[in-house]
Amino acid sequence: MVAGVLVSRSSGERLAGDVATGDIRDSSVRLLQQAQDLFAKGRLLDAIKTFDEVLAVDPDNPEALAYRGWALFQAGTAGQNAELLAAAERNVDQAIAARPQYAPARVFKAVILARVH
């Protein structure tokens, strides 16, 4: 019992409305925002790496999959790299499979089909 009290006290205090640290959903949301910001700044590689971090925690996250695919598409188009373009389409397809009603993935797929095929 004494050990439990000591662990409890050394763990820190959480106030009403606070969330526990390490919450997967909270960290995914923050990482998604970081990735979107990097993408908006044209830092495609950094954005892709950050989307990868989201997917390591939440592999079926449709937003991370779709926007990772879109970033890969941008990079593949700029470098005329068929491998990146194929990976982009796979990510977008995974996003659609994860959440068929997620509109950005459908838009990205339409653009990829129009430009690549």
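## Exercises on a six-helix model

The protein has six helices and zero strands, where helices (H or I, at least four residues) and strands (E, at least two) are DSSP runs numbered from the N terminus. The model is predicted, so local features need pLDDT of at least 70 and side-chain atom pairs count only at pLDDT 80 or more, while totals for chains, interfaces and linings use all residues. Residues are numbered from 1 along each chain as its sequence is written, and side-chain values use heavy atoms, with hydrogens and water left out.

**Exercise 1.** State the pattern of the protein along the sequence, then its share of buried residues.

Solution. Step one: read along the sequence, the pattern is α-α-α-α-α-α. Step two: of the 117 residues, 33% are buried (under 20% relative accessible area; exposed is over 50%, partly exposed in between; 1.4 Å probe, protein chains only). Step three: the accessible surface is about 7,600 Å², and 54% of that belongs to carbon and sulfur atoms (Shrake-Rupley method, 1.4 Å probe; for residues, only the protein chains shown count as cover).

**Exercise 2.** Place lysine 109 and decide: buried or exposed?

Solution. Step one: lysine 109 lies in helix α6, residues 103-116. Step two: its relative accessible area is 16%, so lysine 109 is buried. Step three: leaving aside neighbours within four places in sequence, lysine 109 is in contact (heavy atoms within 4.5 Å) with Glu89, Val92, Asp93 and Ile96.

**Exercise 3.** Place glutamine 80 and describe its backbone and exposure.

Solution. Step one: glutamine 80 sits in the loop between α4 and α5 (82-98). Step two: its phi is near 45°, a positive value in a residue other than glycine. Step three: glutamine 80 has a relative accessible area of 74% and is therefore exposed.

**Exercise 4.** Describe the largest pocket by volume, lining and class.

Solution. Step one: the volume is about 180 Å³. Of the 11 lining residues, the closest to the centre are Leu32, Asp58, Asn61, Pro62 and Arg99. A pocket is an open set of points on a 1 Å grid over the protein atoms alone, where a 1.4 Å probe fits, with protein on both sides within 12 Å along at least five of seven lines; lining residues have an atom within 4 Å of a point. Grid points are joined across faces, edges and corners, and the volume is the space filled by probe spheres set on them. Step two: α2 (24-40) and α4 (62-79) each supply at least two lining residues, and α2 gives the largest share, four residues. Step three: the lining has four nonpolar, two polar and five charged residues (Ala, Val, Leu, Ile, Met, Phe, Trp, Tyr, Cys and Pro are nonpolar; Asp, Glu, Lys and Arg charged; the others, Gly among them, polar).
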